[in-house]
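The following exercises are to be worked through with the sequence and the model at hand. Each task is followed by a solution in steps.

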Amino acid sequence: MLIGHDGTDEGALDRRLAAREAHIALGDKLVAEGHMLFGTALLSEDDKMIGSMLVLDYPSRAELDDWLSIEPYMVQGVWEKIAITPVRVGPSFVGLHK
């Protein structure tokens, strides 16, 4: 699971919006390939996008890092801080993406 926190500077939301179309397009490709199981935007109390949470499925950290090297939110400086935590998708959800 990846949690990415956007920058908090004045241009942070503009960077997100500028990169969003490419981020969504790559996400659609990852969903089709079975690498992205779920994704959502994190919202502030006033409903502004301030980050992302993604549930990903990669066989290795190296392959995840390969994706991160081309992920628009990383390349274009949207995510200021990321945390990657290994997770196991629960049995109720495993068949939803196959």
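**Exercise 1. A salt bridge within a helix**

Glu33 and Lys29 are both part of helix α1, where four residues, about one turn of the helix, set them apart. The model is a predicted one.

Task: Determine how the side chains of Glu33 and Lys29 meet, and classify the exposure of Glu33 and of Lys29.

Solution.
- Step 1. The side chains of Glu33 and Lys29 form a salt bridge, with an N to O distance of 3.1 Å. The cut-off for such a pair is 4 Å.
- Step 2. A residue is buried under 20% relative accessible area and exposed over 50%, with partly exposed in between.
- Step 3. Glu33 has a relative accessibility of 41% and therefore counts as partly exposed.
- Step 4. Lys29, at 48%, is likewise partly exposed.

**Exercise 2. A salt bridge between a strand and a helix**

Task: Establish which parts of the chain are tied together by the pair Asp6 and Arg16, and state whether these residues are buried or exposed.

Solution.
- Step 1. A salt bridge joins the side chains of Asp6 and Arg16, at 2.5 Å from N to O.
- Step 2. Asp6 belongs to strand β1 (residues 2-6) and Arg16 to helix α1 (residues 12-33), so the pair links parts that lie 10 residues apart in sequence.
- Step 3. Asp6 and Arg16 are both buried.
- Step 4. The count of salt bridges comes to five.

**Exercise 3. The loop between β2 and β3**

Task: Locate Ser44, classify its exposure, and find the side-chain partners of Asp46 among Ser44 and Lys48.

Solution.
- Step 1. Ser44 sits in the loop that runs between β2 (36-43) and β3 (49-56).
- Step 2. The relative accessible area of Ser44 is 18%, so Ser44 is buried.
- Step 3. The side chain of Ser44 makes a polar contact of 2.2 Å with the side chain of Asp46.
- Step 4. Asp46 also meets Lys48 in a salt bridge, 3.4 Å from N to O. Lys48 is partly exposed, at 44%.

**Exercise 4. The second largest pocket**

Task: Describe the volume and the lining of the second largest pocket.

Solution.
- Step 1. The volume of this pocket is about 270 Å³.
- Step 2. Its lining consists of 18 residues, and those nearest the centre are His23, Ile24, Gly39, Thr40 and Leu54.
- Step 3. At least two lining residues come from each of α1, β2 and β3. The largest share, seven residues, is supplied by α1.
- Step 4. By class, nine lining residues are nonpolar, six are polar and three are charged.

Notes
Residues numbered from 1 in each chain as written. Predicted model: local features only at pLDDT ≥ 70, side-chain atom pairs only at ≥ 80, totals over all residues. Heavy atoms only, no water. Buried < 20%, exposed > 50% of the residue type's maximum accessible area, 1.4 Å probe, protein only. Polar contact = N/O pair within 3.5 Å; in protein donor to acceptor, adjacent residues only side chain to side chain. 1 Å grid on protein atoms, 1.4 Å probe; cavity = no way out; pocket = protein on both sides within 12 Å on 5 of 7 lines; lining within 4 Å. Points joined across faces, edges and corners; volume = space filled by probe spheres on them. Nonpolar A, V, L, I, M, F, W, Y, C, P; charged D, E, K, R; others polar.
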